[in-house]
Amino acid sequence: MDCTGFKSNIFAFTEGTLSEKLLGSAKEHLESCTTCARLSVEFSQVVGVIGQDKITEPNPFASTRILQHLENAFDRSENRLFKGWIRILQPVTIAMAVLSGILIGSYTAQRDDPGPDRMVNSSENIEFLRSNLFISDFADEDKILVLNNE
Amino acid sequence: MTDPELIEGILRRDRNAFQYLVDRYQKQVIKTAYYFVGNMEDAEDLAQEIFLDIINSMKSFKQSSSLATWIYRITVNKSLNMVKKQQRRGFVMRIESIFIHQGDHKNSIENEPSVSPDGEHREKRELLHAAINRLPENQRIAFVLCKYEENSYKQIAEIMKISLPAVESLIHRARLNLQKHLVYHFSEYQKT
């Protein structure tokens, strides 16, 4: 085997998957060629990294971190959903509150409006003020003021 | 817990099912990601995204293959995406270092201490990973699943959704390409 032949079989040589015949020939070549011998050492060291990588174990707390990440992600998505609803519900609630205020106001105004048939006269007004505000003696000027205001 | 029970639990968003999924597959996911990205911290960060993806896309899992195979597929795809991102980032950083820190970079190389055994090992890992990352995507996946994960050709065929002869061919070509790249690297190295 020459250098070119060895180089084209170096992977199989390193892994030990070369046939008996080729293996013997490769070993023979390595005894006589220092360049290929050095190359073989370098190559096996690099390919040996695969074996070293295989025994590298992940952090034992990795599962805790993963589960925490999942929890956070789900919380975020739930919050996003909740915030989405808030964004819709907030203006709807305000609009409904304003609308119900208007409706209640107009209904109350209609109900309390005595109408032209139920107008009370001035003496009834004075009686009302007397009884509700505990004013027993209205001066004549006050009576005139009340009558003038009607 | 069987696979169908686990799938049902995940679809119900059952926290116990999530825990079981993570406990059962975290090692497979992290190690596969690690073989592609070449860094354990990145692999662990990536595993978080992979599990989230697994849970969110469980509805689309048709159960035509085993759950483990499906998880492999997601892990490989996500890992390859991360490698692409790393390569893009590395490219940008290299350009930045050329234009911004030209002088500093030169000084740091000159002042670098002699290579320690750890440094030498890291150098070899980087060389191997660089060689693996230069392989075409299909060859890279087949090679990693075969050499690192020690999956059978049949399993690799299922994960990659290709035939057995195609897997054999991909691994053979991957080995030849790696050999070519490494031999070239060492030949050049020996010249200097």
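Okay, let's start with a detail: Glu150(B), sitting just after H7(B), takes a positive phi of about 55°. Helices here, by the way, are DSSP runs of H or I with at least four residues, strands are E runs of at least two, and both are numbered from the N terminus. Most residues other than glycine have a negative phi. I'll come back to that theme.

Some housekeeping. This is a predicted model, so local features need pLDDT of at least 70 and side-chain atom pairs count only at pLDDT 80 or more, while totals for chains, interfaces and linings use all residues. Residues are numbered from 1 along each chain as its sequence is written, and chains are lettered from A, with ligands numbered from 1, in the order in which they are written.

On confidence, pLDDT is the predictor's confidence in each residue, from 0 to 100. Chain B averages 84, and 84% of its residues score at least 70. The model as a whole comes with ipTM 0.72 and pTM 0.68. There is one stretch to be careful with: over residues 105-115 of chain B, pLDDT stays under 50, and the model has two contacts beyond four places in sequence for that stretch. A contact, for this talk, is two residues whose C-beta atoms, placed from the backbone, lie within 7 Å. Where pLDDT is low, the predicted coordinates should not be read in detail.

Now the two chains. Chain A has seven helices and zero strands, and chain B has nine helices and zero strands. How much of each is buried? I call a residue buried if 20 or more other C-beta atoms lie within 10 Å of its own, exposed if 12 or fewer, and partly exposed in between, again with C-beta atoms placed from the backbone. For chain A, buried residues make up 10% of 150 residues; for chain B, the figure is 30% of 192. As for contact range, take the contacts with a separation of 6 or more: residues 24 or more positions apart account for 47% of them in chain A, and in chain B 61% join residues at least 24 apart.

In chain A, let me pick out H4(A), residues 34-54. Its 21 residues should span 30 Å at 1.5 Å a residue, and the end C-alpha atoms are 31 Å apart, which agrees. That expected span is 1.5 Å times one less than the number of residues. Buried in H4(A) are Cys36(A), Leu39(A), Ser40(A), Phe43(A) and Val46(A).

Next, the interface. 30 residues of chain B are in contact with 25 residues of chain A. On the chain B side, the elements giving two or more residues are H2 (15-37), H3 (40-56), H6 (117-133), H7 (137-148) and H9 (164-191). H2(B) gives the most, with ten residues. By type, that side of chain B divides into 17 nonpolar, five polar and eight charged. In that count Ala, Val, Leu, Ile, Met, Phe, Trp, Tyr, Cys and Pro are nonpolar, Asp, Glu, Lys and Arg are charged, and the others, Gly among them, are polar.

H2(B) turns up again in the largest nonpolar core, giving the largest share with twelve residues. A core here is a set of buried Ala, Val, Leu, Ile, Met, Phe, Trp, Tyr and Cys residues joined through C-beta atoms within 7 Å. This one has 55 residues, and Ala33(B), Val37(B), Ala47(B) and Ala142(B) touch the most other members. Leaving aside neighbours within four places in sequence, Val37(B) is in contact with seven residues I can list: Asp42(B), Ala43(B), Leu46(B), Ser79(B), Met82(B), Val83(B) and Gln86(B).Back to H7(B). Nine of its twelve residues are buried, so this helix is largely enclosed by the rest of the structure. Among them are Ile141(B), Ala142(B), Phe143(B) and Val144(B), along with charged ones such as Arg140(B) and Lys147(B).

Over at H1(B), residues 3-11, we find Ile10(B). Ile10(B) is buried, with 20 other C-beta atoms within 10 Å. Beyond four places in sequence, its contacts are Ala17(B), Phe18(B), Leu21(B), Ile55(B) and Met58(B).

Finally, the phi theme. Gln63(B), in the loop between H3 and H4 (67-99) of chain B, has a positive phi near 60°. Lys161(B), in the loop between H8 (153-160) and H9 of chain B, has one near 55°. Buried or exposed, then, for Lys161(B)? Lys161(B) counts as exposed, with 11 C-beta neighbours inside 10 Å, and Gln63(B) counts as exposed with 10.
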